[in-house]
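Open the model in your viewer and keep the sequence beside it. The tour goes from one selection to the next.

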Amino acid sequence: MSFEPEAIEAARKAFAGPVAFLKSAPALEFLPNADVPEVAFAGRSNVGKSSLLNALAGRNALARTSNTPGRTQELNFFDVGSPLSFRLVDMPGYGFAKAPKDMVRKWRFLVNDFLRGRDVLKRALVLIDSRHGIKDVDREILEMLDKAAVSYRIVLTKADKIKASDLAAVTEATIAEARKRPAAHPDVLATSSETGMGIPELRAAVLEAIG
């Protein structure tokens, strides 16, 4: 989908100001005050979420990238703007096959309670690896968002890693699935944190979500 040039420029300016890590919340009692709109990022452990957050903010080390998928088991909050305009929430990665069952259970409770109880959460961006498309493990989080009635948009990552024809096919298939889901935004964004593809549009999508 395309955004107007004015929306792209407004989003560029919004992310050109201060973007800073605020805190990690291992449980709901550690959440920051719900005083500004929030946009959350969800994705399986190796989808490239940290790299995309860094590209979005134009910083190299805003979100920590890890070679150990599933390491982040907390909600990480980032303040955007001065004065504070909105927050980004990096949700713990899912789909970690080697994680202990009690860790997976803890993840489900934390994420589910956050999604259901956070009034300032305006949208979730669900990151899907464009090389693989939507998997069953991704459908679990989509179901969770649908049940919590949290508006979400699907964002394809690593779009530079596949041929244009394959990207077009996976985008079409992803759009078709999104349009069947009650809380999903009907449009899908394709991005690459390495080449910058789709990053201006992703910034605009964040700004659009917070209204």
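Select Lys 23 and look across to S3: its bridge partner there is Phe 77. The model is predicted. Now show both strands in full. S1 (residues 19–25) and S3 run antiparallel, paired over 6 bridges.

Stay on Phe 77 and turn to S4, where Val 89 stands opposite. S4 covers residues 86–90, and its antiparallel pairing with S3 spans 5 bridges. Follow the chain between these two strands. They make a hairpin with 5 residues in between, and Gly 81 in the turn has a positive phi of about 95°.

Next, select S3 alone, residues 75–80. Which way do its side chains point? Leu 75, Phe 77 and Asp 79 go one way, while Asn 76, Phe 78 and Val 80 go the other. In a regular strand, side chains alternate between the two faces of the sheet. Is S3 buried or exposed? Here 6 of the 6 residues are buried, so the strand is largely enclosed by the rest of the structure.

Keep Leu 75 and add Phe 114, Leu 115, Ile 141 and Tyr 152. Within the largest nonpolar core, of 36 residues, these five touch the most other members. Colour the elements that each supply at least two residues of this core: S2 (38–43), S3, H3 (101–117), S5 (121–129), H4 (136–148), S6 (152–157) and H5 (164–178).

Centre on Ile 141. Beyond its neighbours within four places in sequence, Ile 141 contacts Ala 42, Tyr 94, Trp 107, Val 111 and Val 126.

Last stop: a second, separate core of 29 residues. Select Phe 3, Ala 11, Ala 55 and Leu 56, which are among its members.

Definitions and conventions. Residues are numbered from 1 along each chain as its sequence is written. This is a predicted model: local features need pLDDT of at least 70, side-chain atom pairs count only at pLDDT 80 or more; totals for chains, interfaces and linings use all residues. Side-chain values use heavy atoms; hydrogens and water are left out. Buried means under 20% relative accessible area, exposed over 50%, partly exposed in between (1.4 Å probe, protein chains only). Helices (H or I, at least four residues) and strands (E, at least two) are DSSP runs, numbered from the N terminus. Two strands pair if DSSP finds at least two bridges between them. A nonpolar core is a set of buried Ala, Val, Leu, Ile, Met, Phe, Trp, Tyr and Cys residues joined through side-chain atoms within 4.5 Å. Contact means heavy atoms within 4.5 Å.
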